[in-house]
Amino acid sequence: MTYLITGGAGYIGAHVAHTMAQADERVVVLDDLSTGVRERVPEGVPLVVGSTLDRPLLDRTIAEHAVTGIVHLAAKKQVGESVAVPLRYYRENVHGLQVLLEAAVAGGVEQFVFSSSAAVYGMPDVALVTEDTPCAPMSPYGETKLAGEWLVRATGRAHGLRTACLRYFNVAGAATPQLADTGVFNLVPMVFEKLTEGSAPQIFGDDYPTPDGTCVRDYIHVADLADAHLAAARALDAGETKAGDDVTVNIGRGEGASVREMVELIAEVTGHTFTPEVAPRRPGDPPRIVASADRAAELLDWRARHDVRDMVTSAWEGWCLHHPEAAR
Ligand code: WQD
């Protein structure tokens, strides 16, 4: 198999590219470098700079590299931004996927792994979210991921593609400091940024119906997430699923951590002492969203290996590489 990894210069995509290349899979990266970084692409892996909206480029890339599998991560991923500019999200995440699937079918690609999100579930009122929990996205971002899954599954059924949709929970950490997330859009980097500025990290709401009043999430180490992509690609390749079949799985640890627990862990790992500021709730935040990770274990033989301490420690090493003033 030769895999085209779209978004392979991004934070998560580059982890997937490194993991698959290290596992001796042939890989090619396609990335428009809008948020991706060229230096993240593993040495020896070809980088094609361009967009999934560019059909001629996709056709050429699939033909030139004899691509037989696609791992599709290229997408916009900020929930708040998706509310402000939904058309951009639908264009990049849904239309970009449609064009990519058209090229995949025309080019005889056999299997397709799609980067989906826990955002498809919205505000599930269950202790553990299974893949059968009804999907009710709360943002245009989540809608584009759910619509993307529909596109992927329908195309798989109609054209005999083997497909997998991986619903990521809250991704954190880094396999190496160089691959760390440089965006400041999620809890861990947002707390790091406050510490670096010398101001108090914020907790968005402490009056939720949870044990300590703060929101509970299922944090997953990006290295584990990357392993899940490799496991999915190999399960499809091994023919454990028939052509046209789909594997849709949660990628989480099945364990929750509250915002307050995460903030306290960050204080311990970084050695910064601070008192977090309790700010108002952020609109649209579910009180709790934690995966049932059973189906991924059963179908992909994949389980997370890293805990939240590994995530915070490795994320902090990466942060300090890019922000030397933060270290102490
Ligand atoms: C986690 C918790 C915040 C910053 C989003 C998307 C989801 C997925 C991952 C892409 C929440 C709280 C945060 C801060 C805080 N993305 N928080 N202080 O919203 O769970 O998930 O990113 O697929 O689809 O919705 O992640 O990291 O933004 O927030 O208290 O400074 O931390 O309110 O409860 P979220 P997050």
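# Notebook: Arg 60, sheets, cores and domains

**Entry 1. Arg 60.** I started at Arg 60 and found it in helix α2. The model I am reading is a predicted one. I asked whether Arg 60 is buried, exposed or partly exposed. Its relative accessibility is 45%, so I noted Arg 60 as partly exposed, since that class lies between under 20% for buried and over 50% for exposed. I also took the C-alpha separation of Arg 60 and Thr 182, which is 31 Å. These two residues are 122 residues apart along the chain.

**Entry 2. The helix around Arg 60.** I stayed with α2, which covers residues 55-64, and looked at α4, residues 86-106. The axes of the two helices come within 9 Å. They cross at roughly 35°, and the crossing is right-handed. Which residues of α2 meet α4? I listed Arg 55, Leu 58, Asp 59 and Ile 62 on the α2 side. On the α4 side I listed Val 99, Leu 100, Glu 102, Ala 103, Ala 104 and Ala 106.

**Entry 3. The seven-stranded sheet.** I traced an open sheet of seven strands and wrote down its order as β3-β2-β1-β4-β5-β6-β11. The pairing in this sheet is parallel. Its edge strands are β3 (47-49) and β11, each pairing on one side only. From one strand to the next, the twist averages 20°.

I then checked individual pairs. β1 is joined to β2 by five bridges, and to β4 (residues 69-72) by four. Tyr 3 served as my marker here: it stands opposite Val 27 in β2, and its bridge partner in β4 is Gly 69. Towards the other end of the order, six bridges join β6 to β11, running parallel. In that pair Tyr 168 has Ile 251 of β11 as its bridge partner.

I looked at burial for two of these strands. Five of the six residues of β2 are buried, so I recorded β2 as largely enclosed by the rest of the structure. For β11 the count is also five of six buried, so β11 too is largely enclosed. I noted that β11 is nevertheless an edge strand.

**Entry 4. The three-stranded sheet.** I found an open sheet of three strands in the order β12-β9-β14, with mixed pairing. The edge strands are β12 (257-258) and β14 (288-289), and each pairs on one side only. β9 (residues 216-217) and β12 run antiparallel and are joined by two bridges. Val 216 has Ser 258 as its bridge partner in β12.

**Entry 5. Nonpolar cores.** I moved on to the largest nonpolar core, which holds 36 residues. Which members touch the most others? I noted Ile 12, Met 20, Ile 251 and Leu 300. The elements that each supply at least two residues of this core are β1 (2-6), α1 (11-22), β2 (26-31), β6 (162-168), α7 (222-237), β11 (246-251) and α9 (294-300). The largest share, ten residues, comes from α7. This core draws at least three residues from each of domain 1 and domain 2.

I looked up Met 20 separately. Leaving out residues up to four places away in sequence, Met 20 touches Tyr 3, Ile 5, Glu 25, Val 27, Val 71, Leu 230 and Ala 233. Tyr 3 and Val 27 are the residues I had already seen opposite each other in the sheet. A second, separate core has 25 residues, including Leu 187, Leu 195, Leu 265 and Val 312.

**Entry 6. Domains.** The domain assignment of the chain gives domain 1 as 2-171 + 219-251 and domain 2 as 173-217 + 253-327. The centres of the two domains, taken over C-alpha atoms, are separated by 24 Å. How many residues of each domain enter the contact? I wrote down 39 residues from domain 1 and 37 residues from domain 2.

**Entry 7. Positive phi.** Most residues other than glycine have a negative phi. I looked up two with a positive value. Asp 24 has a phi near 65° and lies in the loop between α1 and β2. Its relative accessible area is 71%, so Asp 24 is exposed. Asp 301 has a positive phi of about 55° and lies in the loop between α9 and α10 (308-322). With a relative accessible area of 60%, Asp 301 is exposed as well.

How values were computed: Residues numbered from 1 in each chain as written. Predicted model: local features only at pLDDT ≥ 70, side-chain atom pairs only at ≥ 80, totals over all residues. Heavy atoms only, no water. Core = buried A, V, L, I, M, F, W, Y, C linked by side-chain atoms within 4.5 Å. Buried < 20%, exposed > 50% of the residue type's maximum accessible area, 1.4 Å probe, protein only. Domains from an automatic or database assignment. Contact = heavy atoms within 4.5 Å. Pairing = 2+ DSSP bridges. Axes fitted to C-alpha atoms, helices over the stretch in contact; angles between N-to-C directions. Left-handed = near helix turned anticlockwise from the far one by under 90°.
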